[in-house]
Amino acid sequence: MLAVKGLEKSFSAKGDVVRAVDDVTFEVAEGEMLVLLGPSGCGKTTVLRCIAGHETAQGGSIRLGGEAVFDAAGGMDQPPERRRIGMVFQNYALWPHLTVQRNLEFPLRARRMKAELAAGEAVHQAARLVDCVPYLQRFPGELSGGQQQRVALARGLVAKPRFMLFDEPLSNLDALLRAQVRHDLHELHRTVGFSGIYVTHDQSEAFALGDRLAIMRAGRIEQIGTPQEIYGRPLTEYAANFVGLSNRLVFDPAGAGRWSLQGGSGREVPVVTREASDSLTLRFRPHDVDLLPATTTAYDGLVLEGRVVDSVYEGRHYDLSVTAGSATLNVHAAAPEGARFGPGDPVRIGLRWHIGSWFGDGRRVEVAARAETTST
Ligand SMILES: Nc1ncnc2c1ncn2[C@@H]1O[C@H](COP(=O)(O)OP(=O)(O)OP(=O)(O)O)[C@@H](O)[C@H]1O
Ligand SMILES: [Mg+2]
């Protein structure tokens with residue numbers, strides 16, 4: 001449906017050149033929603049603006065439904081209104097002096113879709129989709145934030161665009177409304193079946209809406225894949241951090257393919273790898289950890305000695321902040337029978353061998369971790 005190839009966009013600002021989009025290539029299939037995920041300033045909005053035609057890239061090409069809409073080499077750059085792309089942006093900016101009805105008609109007027117305007121069916125259909133028929137005659141100022149957001153969604157869809165662009169469309173909503181509109185949007189995507197790109201900072205939003213995710217970093221796509229692929233096998237530490245692998249342990253080489261926890265007690269950890277690296281990093285999630293009884297003698301994984309910094313008891317689970325070596329870890333795990341954890345208490349934590357992802361110099365490495373009995 002969409003094919004972006006070798007896209008390049010630089011801005012010059014006060015003598016500095018910013019490479020906002022740096023050799024970006026990806027495709028979006030018919031009916032697919034691709035989520036762009038990345039920190040502020042990494043180029044997400046610029047990619048969308050180039051696709052919409054509001055920004056002219058310096059290099060690369062963009063094809064939509066098999067038709068070239070932009071080609072730097074061929075000097076072709078179709079104007080935005082001819083690309084038939086729907087957009088919903090963060091500042092959804094409904095026209096305050098126009099009724100909801102007139103707001104919804106706006107994209108049809110802009111595209112000179114006279115027949116659709118006269119019939120009125122397109123507007124009603126879009127309004128029905130997001131449940132805003134009852135307030136078609138109201139002004140935006142007479143609607144709640146969530147209702148305005150839904151009108152903005154309808155406005156994005158009303159001209160039956162062949163492609164949708166969403167730029168953090170929910171970020172102005174409070175948590176509850178966000179969840180509700182996110183759900184509506186997911187339903188809409190399922191029923192209407194449009195293809196599109198959705199930009200967000202928010203990991204849970206990315207997972208809820210994305211058929212595939214593209215993780216962006218400084219103008220480039222770092223990794224692209226299904227949520228399962230990126231969650232299960234992040235190729236870089238940067239990508240790992242974006243899908244919730246927020247705990248980080250660093251190991252220094254201890255000779256003969258063995259490694260020891262940085263700042264730890266000095267006891268080696270039986271990790272075996274053929275990778276040559278100055279250090280190894282293990283990334284994992286708070287709930288990947290086991291809390292072990294102090295008497296554990298055998299555990300099929302890494303065993304670390306730590307100390308509790310902060311502890312919240314949650315009934316079935318503890319939420320702990322733990323120092324282990326030079327690292328501070330967040331742990332969310334069930335406590336062993338009868339165990340209690342308060343600040344300053346020693347704690348033993350276990351990580352099964354298959355848990356988490358290992359990195360050397362920021363890139364994924366395969367570590368043949370050894371199942372070894374750890375003695376106390
Ligand atoms: N018109 C412009 N002139 C100069 N620099 C720009 C312009 N637009 C964007 N940039 C720069 O390009 C880079 C990418 O900006 P962009 O808006 O695409 O980031 P983003 O990923 O959407 O960020 P955010 O999450 O904050 O919205 C930034 O460094 C930004 O300062
Ligand atoms: Mg942006």
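**Figure 1. Helix H6 lies across strands E7 and E8.** In this predicted model, H6 runs at about 165° to E7. The helix covers residues 145–157, 13 in number. From first C-alpha to last it reaches 19 Å, close to the 18 Å expected at 1.5 Å a residue. E7 spans residues 85–89 and E8 spans 163–167.

**Figure 2. The surroundings of H6.** Of the 13 residues of H6, 11 are buried, so the helix is largely enclosed by the rest of the structure. The buried stretch includes three glutamines, Gln147, Gln148 and Gln149. Two arginines, Arg150 and Arg155, are also buried. Val151, Ala152, Leu153, Ala154, Gly156 and Leu157 complete the list. These buried residues pack against two strands, E7 and E8. They also pack against three helices: H3 (100–110), H5 (121–129) and H7 (175–192).

**Figure 3. An open sheet of six strands.** The strand order is E7-E8-E9-E3-E10-E11. Pairing is mixed. E7 and E11 (220–225) are the edge strands, and each pairs on one side only. Neighbouring strands are turned by 20° against each other on average, direction ignored. E7 and E8, the strands that H6 lies across, stand next to each other in this order.

**Figure 4. Strand E3 between E9 and E10.** E3 covers residues 33–37 and E10 covers residues 212–217. Four bridges join E3 to E10, and the two run parallel. On the other side is E9, residues 196–200. Five bridges join E3 to E9, again in parallel. Leu37 has a partner in each neighbour: Thr200 in E9 and Ile215 in E10. Leu34 stands opposite Arg212 in E10.

**Figure 5. Both faces of E3 are covered.** Five of the five residues of E3 are buried, so the strand is largely enclosed by the rest of the structure. Met33, Val35 and Leu37 lie on one side. Leu34 and Leu36 lie on the other. Val35 touches Tyr198 and Thr200, and E9 spans residues 196–200. Val35 also touches Ala206, Leu209, Gly210 and Leu213. Residues up to four places away in sequence are not counted among these contacts.

**Figure 6. The largest nonpolar core.** This core holds 92 residues. Val35, Leu36, Ala154 and Val158 touch the most other members. The core draws at least three residues from each of domain 1 and domain 2. Val35 and Leu36 are buried residues of E3, while Ala154 is one of the buried residues of H6.

**Figure 7. The two domains in the whole chain.** Domain 1 covers residues 2–234 and domain 2 covers residues 245–364. Their C-alpha centres lie 41 Å apart. The chain has 10 helices and 22 strands. Its C-alpha atoms fill a box of roughly 80 × 50 × 40 Å, taken along the principal axes. Buried residues make up 36% of the 376 residues. Among contacts between residues at least 6 apart in sequence, 66% join residues at least 24 apart.

Conventions:
Residues numbered from 1 in each chain as written. Chains lettered and ligands numbered in written order. Predicted model: local features only at pLDDT ≥ 70, side-chain atom pairs only at ≥ 80, totals over all residues. Expected span 1.5 Å × (residues − 1). Buried ≥ 20, exposed ≤ 12 C-beta atoms within 10 Å, placed from the backbone. Contact = placed C-beta atoms within 7 Å. Domains from an automatic or database assignment. Core = buried A, V, L, I, M, F, W, Y, C linked by C-beta atoms within 7 Å. Pairing = 2+ DSSP bridges. Axes fitted to C-alpha atoms, helices over the stretch in contact; angles between N-to-C directions.
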